[in-house]
Amino acid sequence: MTFGPGEALPPEDLDFAPLKTRLVRPVEEPFRSSDSTFAYKLRELSAQFEGEPELLALHGLLIASLRRRDQPAQTAPLFLRMWREEPEFLLEHLDARWLISAVTTFADHGETEVQRRLGQALTVLFSTIKLYETERLHSGIEPWEAFTEIRKRPRRLALKMDAYAIHSGGLDVNMLGRLWQDASEDAVIWPLAQRLLLLLDGDDRNVFRRFKLMREARQTKTARESKKLFEIKRVSDRSRVASTAGQRIEHDPHKIRWGVVSTVKAPLARIARFAAYHLKEGAAQIDLYLDQPDPVVGQFFGDEPRVRVTQCDEAYWQAQDKPRPETHQLRQLRNATLAYRASELDFLAHIDVDEYLMPPQPMNWVLAHLPDKIAALQIRPAEMLAGSERHFKLTDRDAGHEKYALAAVYPTFGGHLKGGFLSHVTGKVIVRTGLEDVRLSVHHLTLNGANVQNRAVLLGGYVGHAHVRSWAEFREKLDFRLTEGSYRKKDDRFGLYDVVEFLRESEGETGLHQLYEEVCADTPELRERLGQYGMLLTRDLELDDCCRRVFGRLPEEQPA
């Protein structure tokens, strides 16, 4: 910014009050004939803000100066002081374009780390919106008009990114929510950032609003075709029907309360992410039974009333009417049934700490459409690929294939694995509460020792199972799973147990690692084979982000 004789920015201690009432007029001599860049910008801003308060023109002049390589020392302090002392006046009189320019200026000249970080993030956000909305003008579709599903092309995005899951993903909400939360940490930039995000939310000419319209269109369509949301199992034995007659059945998704019960034996970090994810998904309550008592876990959740922690210590089991079961499966059943009988929720899901409910629509909406006569909703499994929190594989059956697909996807081991999974292929259930004489098993709701028959299967939704997260975890848990867990020998069929024993004897660690790489590991090769047969499911769990949003931090981070 160059200055001619007698030209200068006002001092840092300028009194703003007169500028709020004094109106901008056309520039007079000597500025009108000056050829300095300062005078040029002053003439331009005076024409733009003619008849408006002089403070607005000064605000624009400061931004213009701060965009130059060099400026007087008082420029940034004066700009920051203006937003510290006069935010209400500026927000009332400046339009969105000038507000965006202001937040961009914070990116380079903010006086705190939050101001600079948030300014940069909002600058990237609004610049990106400008780029893609400009390109969209060439589509022939109005800016406020959402695309229809029929126009979608099954293409990968740049840098091999997967397309955003419009109807179930949380990327858009998380982006804007994080910016909103960050802005609240700084009193100076907060009013400006808040106004910009509210303006964006209220404008119907952006992708966030169009995503909302597309979600609403999908929900309307699904409501019309709600029968297609479930597969209703045929009832062949009326004695195995858990009657829902006389139950208070809620159909308003906003009033439905559902929760999760789990018997856990895992590090706090994993437990916290599990709880946070389901709270973010809409769970009203999480019941955690600690199979290995740990007071640190209880302390972490102490301020969260939606998470109830029960320490399954000696005193807990002595208070029960039966002694502590020997196997962890029976302890799971006992705890889940106790939670079920005491529950005041509408629905309760029994899942493990390494499982994550992934419904096709918000769970409360799904449950609101469940037929009244249905006692249990079965949710099919999707096994997470090791090393990922976003890629899952489906069974051949759930992808609509016969067993030929397993041999193609898993050339060496597919013929010996149920559905291509190492873990269960049954899935889990979320059940109506308050039913008489029923019990929760690991995978089903039972009545008189048999699975209830008035149940449905959720279509398009899954329970994501992080059964194997790494090679180290696979090896660490292998012996237990072979003897007491899901790999143990159950019938005469040559299955996973026999595969593992054969590999141990014939090839040792090399063979076991080959099994892990072909069946479990999140490799481009496996994703490619799964994708060819429609057996690849992608849904980003964003567990760290969920934990920070719900609990304010990760367990391994120090409290604020």
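**A cavity, two cores and a helix**

Glu383, Met384, Leu385, Ala386, His467, Val468 and Cys520 line the largest cavity. The model is predicted, so local features need pLDDT of at least 70 and side-chain atom pairs count only at pLDDT 80 or more, while totals for chains, interfaces and linings use all residues. Residues are numbered from 1 along each chain as its sequence is written, and side-chain values use heavy atoms, with hydrogens and water left out.

A cavity is a set of points, on a 1 Å grid over the protein atoms alone, where a 1.4 Å probe fits but cannot get out; lining residues have an atom within 4 Å of a point. The volume of the largest cavity, the space filled by probe spheres set on the points, is about 30 Å³. Its lining divides into five nonpolar residues, one polar and one charged.

The largest nonpolar core (buried Ala, Val, Leu, Ile, Met, Phe, Trp, Tyr and Cys residues joined through side-chain atoms within 4.5 Å) has 54 residues. Buried means under 20% relative accessible area, with a 1.4 Å probe and protein chains only. Among the members that touch the most others are Trp258, Phe301 and Leu377. Helix H11 (residues 268–280) gives the largest share of this core, eight residues. A second, separate core of 53 residues includes Leu62, Phe79, Leu192 and Phe208.

Helices are DSSP runs (H or I, at least four residues), numbered from the N terminus. Helix H7 (residues 113–136) has 24 residues, which at 1.5 Å a residue should span 34 Å; its end C-alpha atoms are 34 Å apart, which agrees. The buried residues of H7 include Leu118, Phe126, Glu133 and Arg136.

Terms used:
Buried means under 20% relative accessible area, exposed over 50%, partly exposed in between (1.4 Å probe, protein chains only). Helices (H or I, at least four residues) and strands (E, at least two) are DSSP runs, numbered from the N terminus. On a 1 Å grid over the protein atoms alone, a cavity is a set of points where a 1.4 Å probe fits but cannot get out, and a pocket is an open set with protein on both sides within 12 Å along at least five of seven lines; lining residues have an atom within 4 Å of a point. Ala, Val, Leu, Ile, Met, Phe, Trp, Tyr, Cys and Pro count as nonpolar, Asp, Glu, Lys and Arg as charged, and the others, Gly among them, as polar. The expected span of a helix is 1.5 Å times one less than its number of residues.
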